[in-house]
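Student: I would love a close look at the aromatic rings in this model and at whatever sits around them. Could you take me through that part step by step?

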Amino acid sequence: MPPKRVASRKRLLPKSQKIPSTSRLELARSPFVLARDAPIGNLPLFSFRLRPSTITRGRKVEDFYSDKSRIIFCSSFRRLMQKAQVFSLESNTSVRNRLTHSIEVADIGRTLARHAGKGLQSARLASEEEVQCMETIVESACLLHDIGNPAFGHFGEEAIKDWFDRHGIELLLQGEDELPLGLTDELRLNHFRLFDGNAQSFRIATRLHCEVDEYGLNLTSSTLLASIKYPNCGRIESDALFPKKLGVFFSEKQRYETVAEIASLAPGRRYFLAYLMELADDICYCLSDITDSFEKGVTNSREFKEEFRRICSENEVDDKRFVPQTPISNFGYEVGIRIARLLIHEAATEFVTNFDRYLSGDAPEMTEVLPSGIILKCLKIFARRFIYTNREAQRIEIAGARVVEGLLDHFGRLLLLSRAEFAHFVEKGDVLKRRGLDTEWRIFNQLSKRMLQVYQHDTRSCSDSEERICRARFIVDYISGMTDNSALETYQNFMGISL
């Protein structure tokens, strides 16, 4: 017999999940239609979308399968193919890029979620359907986690932050820079001064893919929340539980708060499945970066074993548990798989044993509490000392930072235009006569037409200073969305180096 269909997905939250009355007023003013759905059973898994889905699905897990499809078929995900994991502009296809890295993280994440979910099921804390949902949510969050990384990775992030540190107030608060910055202005500037690929990922997922409407990929709240490592919205509070980075820009604050309230997630608390996504990323990038260094000849078996033994000794770790005594010919198979399996087993046990803390969202990162988490720390130290300092990688990173800065210099000319001048480009589709803006007009035409729609939506009714900030977001969205290759090509073209 065919499976029994769920009669309705628009259910009220149980009393324990009711949203406080003070929040109801705020949500009533929200532009989002709040189609409430209760969690499946014991676990806070929610298929709520900012725009209710028009498709009726027979099983809850199919809502989360849909998220995976939306991510892998979007252009931002495909562009990860030409964004570096460690070695930019790499011609050796055996070396990982952001796309292959994300696929590997998703595989580890799905395995982690399955082992943890089966543990919860044995403890009668989760149903079989919830385990399936957990696997799919974590897998999708892993696929999504790096989608906002700019060209040239972390050096690209730093280049954007440095450029706006030097030019931000001058360009974005024209006519107001003699006034002390108010809270609102500071939060808006943090979009640039604290630019981060994690927050850009949330922006891409919820806003920038406007092919259908202004809700972006319109993913479920559980997938969105599971992709956020650092639940810092607009700013990083002094007492933040995860103070490392910004997780959501101020421009997406309302959207984040909406999906967080659906899950009854307190401010600054991490969604319970985000812990699994974070650990999967940690496992993959530690092991994969070293594997790639072997592939490129940056390190070899003798050098790795000597230096790693020294690092383990410094941290009172027995390296013999993890590294074979014989020469290493394939790091991934001989070392990586063994460490990954051990960490997955330990993580599943830890997750089930201390499940209440992970549900509350205030548990520390899992690498800090796992018995073998220290080995990841040692691997990270090795990578920082002997891989990331590689001359070839650093030369390209330095050049990449200059490429991103140069692109901001050129596109930044559009921030010097008045609102009326820029509006003429947007609305009339041509250059103002007798104004000498021919270069700016041609620079404007390089920008994404899809992202232009987002800018137009955001500036329907706003002040001049807010419009300029939206214009800057438009430029940063475009530059950060470039691949390493396209960023280099565009920069060379702007500089007259190549046509």
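Student: Which ring has Lys296 lying over its face, and at what distance from the ring centre?

Tutor: Happy to! Please keep in mind that this is a predicted model. The ring you are asking about is that of Phe87: Lys296 lies over its face, 5.1 Å from the ring centre. Another charged residue placed in this way is Arg270, which lies over the face of Tyr275 at 4.9 Å from the centre of that ring. Tyr275 in turn belongs to an aromatic cluster, together with Phe242, Tyr271, Phe272, Phe351, Phe355 and Tyr358.

Now for the ring pairs themselves. A pair of aromatic rings is described by how far apart the centres are and by the angle of the planes. The count here comes to 25 aromatic pairs. One of them joins Phe294 and Phe304, whose ring centres are 6.0 Å apart. Their planes stand at 65°, and planes over 60 degrees apart count as edge-to-face, so this pair is edge-to-face. Phe294 sits in helix H11, which covers residues 274–295, while Phe304 sits in helix H12; the pair links distant parts of the chain, with the two positions 10 residues apart in the numbering. Both Phe294 and Phe304 are buried.

Phe294 also pairs with Phe331, and here the centres are 5.5 Å apart with the planes at 25°. Planes under 30 degrees apart count as stacked, so Phe294 and Phe331 form a stacked pair. Because Phe294 lies in helix H11 and Phe331 in helix H13, this pair ties together parts that are 37 residues apart in sequence. Phe331 is buried, as is Phe294.

While we are looking at phenylalanines, Phe152 deserves a glance for its backbone. Most residues other than glycine have a negative phi. Phe152 is not a glycine, yet its phi is positive, at about 65°. Phe152 is found in the loop between helix H5 (128–144) and helix H6 (153–172). With a relative accessible area of 6%, Phe152 falls under the 20% cut-off and is therefore buried.

Glu316 makes a good companion to that case. Glu316 has a positive phi too, about 55°, although it is not a glycine. Its place is in the loop between helix H12 (301–314) and helix H13 (331–353). Glu316 has a relative accessibility of 76%, which is over the 50% cut-off, so Glu316 counts as exposed.

How values were computed
Residues numbered from 1 in each chain as written. Predicted model: local features only at pLDDT ≥ 70, side-chain atom pairs only at ≥ 80, totals over all residues. Heavy atoms only, no water. Helix = DSSP H or I, 4+ residues; strand = E, 2+ residues; numbered from the N terminus. Buried < 20%, exposed > 50% of the residue type's maximum accessible area, 1.4 Å probe, protein only. Phe/Tyr/Trp six-rings, centres within 6.5 Å; stacked < 30°, edge-to-face > 60°. Lys NZ or Arg CZ within 6 Å of the ring centre and 35° of its normal.
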